[in-house]
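User: Please take a close look at one helix-helix contact in this model. I want the geometry, the rings involved and the setting around them.

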Amino acid sequence: MKHVARRWVAAVESRGLDLCQLMDHMTHNSNMALRRSRSLHRKGSILYFSLKLFVLLVCASSAFATSPSPKNPGSPSGCGCTNRREAAGDFPDTPHDSVSLAKQAAAKYSKEANVVGQEITEDYKPDLEKRTNQMVLIPGGVFTMGTDEPAIPQDGEGPARKVQVKQFYMDMYEVTNAEFERFVKATNYTTEAEKFGDSFVFEGILSEKVKSTITQAVAAAPWWLPVKKANWKHPEGPDSNITERMDHPVVHVSWNNAVAYCTWAGKRLPTEAEWEYACRGGLENRLFPWGSKLLPKGEHYMNIWQGDFPHHNTADDGFSKTAPVTAFPSNGYGLFNMVGNAWEWTSDWWDIHHTTDDLDNPVGPPSGTDKVKKGGSYMCHKDYCYRYRCAARSQNTPDSTASNLGFRCAADVLPDYLS
């Protein structure tokens, strides 16, 4: 562990952090450091898969024959062909006024987010027979990326800068266990957590039986424990499973694993700029996808930690671990759970130094050691991890895995099988 400590010291010196900032940095990225030390002894290759699927003519014909107004935007029926556009605000595939569409999305969500008494209804409950691989069109436009009022300055949240983003497609939902299972069955893929034989799990969700077998912990964040045989199929170790969580986000997935899945699906990971632009849902300079109030009209809009972290989660939002990817209202672009629930990988390499110059479709540094992740997770609490904001960011090594780390995909062109 000496070389791990040396890496932390070097990181702190390079960023000019004081002791308090060091503790915060170690707390939120300790699993990254341990994974990095382990990865020095492992070399592997990533198999990239591509698979083109065909949509039945019956489904395709029905999609073009009808255009019903959905009762609940973002809850597609059948194969998802009929209301992909409706969920995103009826965005056309032809050239359009991006600024106008962005304003429509912002107005739509601001109205919905402030309806008195809005709550999770039957419409938001998962239907396991429905696929959750649908994508929505995100209109291109200019937005303010980052913030001049960073809550965690050492993460490189600032400065605020104007960024142009071209139109692209984004997964409506985080990739679920069910969708990831399809990929694994089609390709016989093995995740890095499975290859390594362990992954990091939050202590508070482990059984006493599993905890009794663990002799190591992260000193700066003792709630993170390396659990043998913890992986996407067994999120809390060998005595757990995903049978009742097929509609939850897949976790214990590394950046490398996420890239492999997206490639197989004919998609890719979003850039950090794309992710943040999509997160904001057409709103400017707001903390969350729905505005700047944590609880609009007293309602929960995301799955994060309530209570005393890390000792007691009151689960006032209805969930103590991950939630179904369909839970909570979608944002102005029709995207669900952009903040909270599970961290999401992006394609960018990590850097904390940003220009104030206007940028056009930035893709991040050309190289690095860590990858950017966005959105926070069900473990985030304002006192310890105030990273469930659109501008917030963190990082991990590409082979890192944990019980709160997942992803969603993006694409320049909608895959044929989703058309």
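The request and its answer follow.

User: Focus on the contact of H6 with H9. At what angle do the two helices pack, and how far apart are their axes? Which residues make the contact?

Analyst: This is a predicted model. Start with the frame. The protein chain has ten helices and 14 strands. Of its 419 residues, 56% count as buried. Among contacts between residues at least 6 apart in sequence, 76% join residues at least 24 apart.

Now the helix pair. Two packed helices are described by the angle between their axes and the distance between the axes. For H6 and H9 the angle is about 80°, and the axes lie 11 Å apart. An angle from 65 to 115 degrees counts as roughly perpendicular. H6 and H9 are therefore roughly perpendicular to each other. H6 contributes Glu179, Phe180, Arg182, Phe183, Ala186 and Thr187 to the contact, while H9 contributes Ala260, Tyr261 and Trp264. By class, six of the contact residues are nonpolar, one is polar and two are charged.

Next, the rings. A search of the whole structure finds 22 aromatic pairs. One of them is Phe183 with Trp264: the ring centres are 5.4 Å apart and the planes meet at 50°, so the pair is tilted. Phe183 sits in H6 (residues 177-187) and Trp264 in H9 (residues 255-264), so the pair ties together parts that are 81 residues apart in sequence. Both Phe183 and Trp264 are buried. For contrast in geometry, take Phe319 and Phe328. Their rings form an edge-to-face pair, at 5.8 Å centre to centre with 65° between the planes. Phe319 has a relative accessible area of 23%, so Phe319 is partly exposed. Phe328 is buried, at 1% relative accessibility.

Back at the helices, Phe183 and Trp264 belong to one aromatic cluster. Its other members are Phe180, Tyr189, Trp232, Tyr261 and Phe407. Phe180 and Tyr261 are also among the residues of the helix contact.

H9 itself is mostly covered. Nine of its ten residues are buried. They are Trp255, Asn256, Asn257, Ala258, Val259, Ala260, Tyr261, Cys262 and Trp264. The cover includes H6, helix H7 (192-196), strand S9 (343-349) and strand S11 (371-374). Just after H9, Gly266 takes a positive phi of about 75°.

The loop leading to H9 has its own backbone detail. Lys229 lies in the loop between strand S6 (224-228) and H9. Its phi is near 65°, a positive value in a residue other than glycine. Lys229 has 58% relative accessibility, so Lys229 counts as exposed.

The strand S9, part of the cover of H9, has a similar note on its approach. Ala315 lies in the loop between S8 and S9. Ala315 has a positive phi of about 55°, although it is not a glycine. With a relative accessible area of 21%, Ala315 is partly exposed.

Charges over rings come next. Lys373 lies over the face of Trp343, 4.6 Å from the ring centre. Elsewhere, the charged end of Arg389 sits over the ring of Tyr386, 4.6 Å from its centre.

Last, the cis peptide bonds. One joins Gly158 and Pro159, with omega about 0°. Pro159 lies in the loop between strand S2 (141-145) and strand S3 (161-165). Another joins Phe309 and Pro310, again with omega about 0°. Pro310 is in the loop between strand S7 (307-308) and strand S8 (312-313).

Definitions and conventions
Residues numbered from 1 in each chain as written. Predicted model: local features only at pLDDT ≥ 70, side-chain atom pairs only at ≥ 80, totals over all residues. Heavy atoms only, no water. Phe/Tyr/Trp six-rings, centres within 6.5 Å; stacked < 30°, edge-to-face > 60°. Helix = DSSP H or I, 4+ residues; strand = E, 2+ residues; numbered from the N terminus. Buried < 20%, exposed > 50% of the residue type's maximum accessible area, 1.4 Å probe, protein only. Lys NZ or Arg CZ within 6 Å of the ring centre and 35° of its normal. Axes fitted to C-alpha atoms, helices over the stretch in contact; angles between N-to-C directions. Parallel < 35°, antiparallel > 145°, perpendicular 65-115°, else oblique. Contact = heavy atoms within 4.5 Å. Nonpolar A, V, L, I, M, F, W, Y, C, P; charged D, E, K, R; others polar.
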